[in-house]
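Me: I want to see how the labels on this model are earned. Take me through the reasoning, label by label.

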Amino acid sequence: MPAGLLELSATELHEVLGGPTLIHLQGKNPQPLFVTVLQHGNETTGWDAVRRLMKSHYEFDQLPRSLSILIGNTEAAKHRLRRLDEQLDYNRCWPGGAYEDSDVGRMFQQVTDRVQSLSPIAAIDIHNNTGLNPHYAAINRIRPEFLRLASYFSSKVVYFTMPLGTQSLSLSRFCPSTTLECGQAGDTHGTDHSMGFLETCLHLSDIPTTPIGDDEVNLFHMVATVRVHDEAFFGFGHVPTDIAFRENLDVLNFQELPSGISFGELNGGPAHPLVATDINGADVTKQYFRFDRGQIETVREIMPSMLTPDRRVIQQDCLCYLMDRVHFEDHIEVTDHDPLPEGLRRSDRPGEPSL
Ligand SMILES: [Zn+2]
């Protein structure tokens, strides 16, 4: 570990490192745990968890297993941004995504080759989000060891296969991998939780591949992205805008909602104020919402995530994602196929999970 690095906050790393940096620390068990932090520069929980873990537990003691740490977008971190305007989103640049030929894509190919050669026990990518969301883990393959790894962090697990080029999807080809969503950056509970998870992983002798039951993990699949219609004016609470979303809309995150739940009131504007699209980009709004009673109402059971009161996020990214519960015992992969066949490669689309 470069001297003094653990004393630095995320914003200070760039001065010292000058860019993305891969650090290998030797532990008692040589098979490393691979941890990625700061792929998004303003998502600081991962770095804070790593530095606290190292300082509190391993300043003088040997690590129980080797630890490889990738510190990602230090430049964006310096500016407290997810990414700079001229930068690609780092978490879309891993092998199998649309940006393999970019500078970041080539660098991540090298990192992937290096990490694969070390046969890590698992790959962990740590993120934050906006709005009130519980901590949850995301996985890209429905296999017992992936579910078990995720379950050490949270009983709430999200399965996704798009967008391509995310680290956890890319590395899922050769080791159990997960993306941690640790709530809002700067929240100490998120740092405590991810630090505890890393400590657990460092002490695992292996990740069992024995079957895991539906009752141990609540698995959800992202089925749609919901955006506000470009021409709809929106606000929160009692406001005269086209859409007056209910206040505290984000308390609905990760709640399994029945049909008939109102997201807010309608005072005019476009006939379809919200637009839901499935992972292929098809318009599926009518399957989830009705707008004919002066309200935005759900028309089937659904669980939203990433609902946020942040207008900028809603305008630039989306209002929320919709998820369905997966009874995964029927879906466990039994073959060891490569989840990214050539034909699946296609470009990233805006509004996909902002992991
Ligand atoms: Zn992120």
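Reply: Start with a cut-off: four donors count as tetrahedral if all angles lie between 85 and 135 degrees. They count as square planar if opposite donors are over 155 degrees apart and all others between 65 and 115; anything else is irregular. Keep in mind that this is a predicted model.

Me: What makes the arrangement around the zinc ion irregular?

Reply: The four donor atoms subtend angles of 53 to 145 degrees. Tetrahedral needs 85 to 135, and square planar needs opposite donors over 155 degrees apart, so neither label fits and the arrangement is irregular.

Me: Which atoms are the protein donors of the zinc ion?

Reply: His40 (ND1), Glu43 (OE), Glu43 (OE) and His127 (ND1), at 2.0 to 2.7 Å from the ion. The cut-off is 2.8 Å. Along the chain, their spacing reads H-x2-E-x83-H.

Me: Why are His40 and Glu43 called buried?

Reply: Buried means under 20% relative accessible area. His40 has 1%, so it is buried. Glu43 has 7%, so it is buried as well.

Me: Is Glu145 buried or exposed?

Reply: Glu145 has 10% relative accessibility, and the limit is 20%, so it counts as buried. Glu145 is found in helix α5. Its side chain makes a polar contact of 3.1 Å with that of Arg143.

Me: What makes β9 and β13 edge strands?

Reply: The open sheet runs β9-β10-β11-β14-β13, with mixed pairing. β9 and β13 each have a single partner strand, so one side of each is left without a neighbour in the sheet.

Terms used. Residues numbered from 1 in each chain as written. Predicted model: local features only at pLDDT ≥ 70, side-chain atom pairs only at ≥ 80, totals over all residues. Heavy atoms only, no water. Helix = DSSP H or I, 4+ residues; strand = E, 2+ residues; numbered from the N terminus. Buried < 20%, exposed > 50% of the residue type's maximum accessible area, 1.4 Å probe, protein only. Polar contact = N/O pair within 3.5 Å; in protein donor to acceptor, adjacent residues only side chain to side chain. Pairing = 2+ DSSP bridges. Donors = N, O, S within 2.8 Å, 3.2 Å for Na, K, Ca; no water. Tetrahedral: all angles 85-135°; square planar, octahedral: opposite > 155°, others 65-115°.
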